[in-house]
Amino acid sequence: MTAEIISIGTELLLGHIINTDTSFLAQKLAEIGIDVYHTSVVGDNPMRLTQAIKQAVYRSDIVITTGGLGPTVDDITIETLAKLLGKHLVLNKTILKDLKDYFKLRKVKFPKETVRQAYIPEDTKWIRNRVGTAPGLIEEYRGRIIICLPGPPRELKPMLASDIVPYIKNRIKSGWIIKSRTINTTGLAESQVNGKVKDLLELKPPTTVGIYAKLGQVELKIMSKAKNGKDAAREIEKIERKIIIRLCDHIFGYDDETLEGAVAKLLT
């Protein structure tokens, strides 16, 4: 099963905001066996957003949009989706109550513009936003799943964990999972690391190895797709042992461990 992520917002195209949502979503989807083949960024333009969603629905099983769910006129996701689905926007009284409670709790006068966020396409499943105001949406369209999430990471992340991931897992029931292990090296250029593990970089799925250069270090990421965590971990361990033998003098850590952290441990 494949997924596509569409990030919405002109501020992303202008570089005013760093798009961290896509990498986070891709990682979480991989953990439940969903392959992300395409990602894109679209400005606040209804026509271009419609084209992006249509293309995504054509080639992917799950389409996830982020952003464009706010109360201002440039937040176009819900209206665009409703037109694409051929549905009317209807006032959801439960969402409206949540919005009023949100501002009441903070002792802030309820902004009239916020009512806009309580209008969603008719007969569309919605997801409560427990830390912000924009609800998420889930729509099944032509055999595909369209999921709309708020852009701010502090709102997107808890919604994904509490509602979206369980929904997808229950919906697809694929049983596949993807595990990964990153081996961090230093002291060798990317080309030198490549020469030592070239045969491993040519491995084909379900277990693959990727190489990524960063400032002062080179990462080797092992990824394995399997029916259960034990099988995936076993395949990763086989490759990891080979890499350790070939690069033992240059490995300083694993996964999120940093070169600075490794130096600090040695100094301590």
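The following dialogue explains the terms used to describe this predicted model.

Biologist: What makes up the secondary structure of the protein chain, and how many residues count towards it being buried?

Modeller: The chain has nine helices and twelve strands. Of its 268 residues, 41% count as buried. The C-alpha atoms fill a box of roughly 65 × 45 × 35 Å along the principal axes.

Biologist: Why is Thr65 called buried?

Modeller: Buried means under 20% relative accessible area. Thr65 has a relative accessible area of 1%, so the residue counts as buried. Thr65 lies in strand β3, and, leaving aside residues up to four places away in sequence, touches Ile6, Ile8, Thr77, Ile147, Cys148 and Leu149.

Biologist: Why is Tyr119 called partly exposed?

Modeller: The relative accessibility of Tyr119 is 34%. Partly exposed covers what lies between under 20%, which is buried, and over 50%, which is exposed; therefore Tyr119 falls in the middle class. Tyr119 is found in strand β5, residues 119-121.

Biologist: What makes Tyr119 part of a nonpolar patch on the surface?

Modeller: A residue of a patch needs over 30% relative accessible area, and Tyr119 has 34%. The nonpolar side chains of a patch are joined within 5 Å. Tyr119 forms the patch with Leu89 and Leu91, and together they have about 220 Å² of accessible area.

Biologist: Which strands form the open sheet, and in what order?

Modeller: The sheet has six strands in the order β2-β1-β3-β8-β7-β6, and the pairing is mixed. Neighbouring strands are turned by 20° against each other on average, direction ignored.

Biologist: Why are β2 and β6 called edge strands?

Modeller: Strands β2 (35-42) and β6 (125-127) each pair on one side only.

Biologist: How do you know that β6 pairs with β7?

Modeller: Two strands pair if at least two bridges are found between them. Three bridges join β6 to β7 (residues 136-141), so the condition is met. The two strands run antiparallel, and Ile127 stands opposite Gly136 in β7.

Biologist: What joins β7 to β8?

Modeller: Five bridges join these strands, which run antiparallel. Glu140 stands opposite Ile145 in β8. The two strands form a hairpin with two residues between them, and Arg142 in the turn has a positive phi of about 55°.

Biologist: Why is β7 described as largely enclosed by the rest of the structure?

Modeller: Five of the six residues of β7 are buried, so the description applies.

Biologist: Which helix packs on the sheet, and what does it touch?

Modeller: Helix α2 (residues 21-31) packs there, touching β1 (2-8), β2, β3 (62-66) and β8 (144-149). The direction of α2 makes about 160° with that of β1.

Biologist: Why is β11 also described as largely enclosed?

Modeller: Seven of the ten residues of β11 (residues 217-226) are buried, so the strand is largely enclosed by the rest of the structure.

Biologist: How do you know that β11 pairs with β9 and with β10?

Modeller: The pairing rule asks for at least two bridges. Nine bridges join β9 (residues 177-185) to β11, in antiparallel fashion, and Ile183 stands opposite Leu220. Strand β10 (residues 207-214) and β11 pair over eight bridges, also in the antiparallel sense, with Tyr212 opposite Glu219. Both pairs therefore satisfy the rule. In addition, β10 and β11 form a hairpin with two residues between them, where Gly216 in the turn has a positive phi of about 80°.

Technical notes: Residues numbered from 1 in each chain as written. Predicted model: local features only at pLDDT ≥ 70, side-chain atom pairs only at ≥ 80, totals over all residues. Heavy atoms only, no water. Patch = residues over 30% accessible without salt bridge, like charges linked within 9 Å, V, L, I, M, F, W, Y side chains within 5 Å. Areas by Shrake-Rupley, 256 points an atom, 1.4 Å probe, with all protein chains shown as cover. Salt bridge = Lys/Arg side-chain N within 4 Å of Asp/Glu carboxyl O. Helix = DSSP H or I, 4+ residues; strand = E, 2+ residues; numbered from the N terminus. Buried < 20%, exposed > 50% of the residue type's maximum accessible area, 1.4 Å probe, protein only. Axes fitted to C-alpha atoms, helices over the stretch in contact; angles between N-to-C directions. Contact = heavy atoms within 4.5 Å.
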